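Subject: Structure for you to look over

Dear colleague,

I am passing on the structure below, together with an account of what came out of going through it. Please read the notes with the model open beside them.

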Amino acid sequence: ALFLPWAAGTLVGGLAGGWVPDPRALALDFFLVAFCAAMLAGMLRTAPSPWPALAALVAALLADRWLPAGWAIVAAGVAGMLTAAWRAPAASGEAA
């Protein structure tokens with residue numbers, strides 16, 4: 001449900017981004033942060049557990065502190081994915 005708007009926004013931003021002389025003047029540099037916060041709020045409301053989001057947050061903060069730029073996103077994705085997989089019910093229907 002979120003992939004299509006994300007992909008469309010990325011396409012529009014990639015094609016039209018060069019037309020904006022100063023993204024900060026229009027607060028476009030904050031748009032990604034606001035968009036991610038809105039997605040996170042929606043996910044936490046319907047998610048069975050907040051643990052993957054919390055693991056992603058911790059991993060992103062740690063990676064941002066000690067790794068080169070860009071790795072915080074990768075670390076957050078991996079940490080959230082692994083935490084969700086670890087906490088997911090087993091295929092037999094038992095809780096993990």
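To begin with helix H3, its 16 residues should span 22 Å at 1.5 Å a residue, and its end C-alpha atoms are 23 Å apart, which agrees. Please bear in mind, here and throughout, that this is a predicted model.

The buried residues of H3 are Pro52, Ala56, Ala59 and Ala63. Around the axis they cover an arc of only 70°, and therefore they sit on the same side of H3. Leu61, Asp64 and Arg65, by contrast, are exposed on the other side of this helix. As for what covers the buried residues of H3, helix H4 is included in it.

That leads to H4 itself, which comprises residues 71-87. With 17 residues at 1.5 Å each, this helix should span 24 Å, and the distance between its end C-alpha atoms, 24 Å, agrees with that expectation. Its buried residues are Ala72, Ala76, Ala79, Gly80 and Thr83. Viewed down the axis of H4, these residues fall within an arc of 95°, so they line one face of the helix. The face turned away from this buried side carries Ile73, Met81, Leu82 and Ala85, which are exposed. The partner in packing is again the neighbour described above, since the buried residues of H4 pack against helix H3, residues 51-66.

Two residues of H4 deserve a separate word. Thr83, which lies in H4, has a relative accessibility of 16% and so counts as buried, the cut-off being under 20%. Leaving aside residues up to four places away in sequence, Thr83 touches Trp51, Pro52 and Ala55; of these, Pro52 is one of the buried residues of H3 listed earlier. Trp71, also found in H4, is partly exposed, because its relative accessible area of 46% falls between the limits of 20% and 50%.

Which residues make the nonpolar surface patch of about 930 Å²? The patch is made by Val58, Leu62, Trp66, Leu67, Trp71, Val74, Val78, Met81 and Leu82. Both H3 and H4 supply at least two residues each to this patch, although the largest share, five residues, comes from H4. Met81 and Leu82 thus appear twice in these notes, once as members of the patch and once among the exposed residues on the face of H4 turned away from its buried side.

Finally, some figures for the chain as a whole. The chain contains four helices and zero strands, and its elements run α-α-α-α from the N terminus on. Of its 96 residues, 11% count as buried. The chain exposes about 7,700 Å², of which carbon and sulfur atoms supply 75%. Where contacts between residues at least 6 apart in sequence are concerned, 41% join residues that are at least 24 apart.

With best regards

Notes:
Residues numbered from 1 in each chain as written. Predicted model: local features only at pLDDT ≥ 70, side-chain atom pairs only at ≥ 80, totals over all residues. Heavy atoms only, no water. Expected span 1.5 Å × (residues − 1). Buried < 20%, exposed > 50% of the residue type's maximum accessible area, 1.4 Å probe, protein only. Arc of directions from axis to C-beta. Contact = heavy atoms within 4.5 Å. Patch = residues over 30% accessible without salt bridge, like charges linked within 9 Å, V, L, I, M, F, W, Y side chains within 5 Å. Areas by Shrake-Rupley, 256 points an atom, 1.4 Å probe, with all protein chains shown as cover. Salt bridge = Lys/Arg side-chain N within 4 Å of Asp/Glu carboxyl O.
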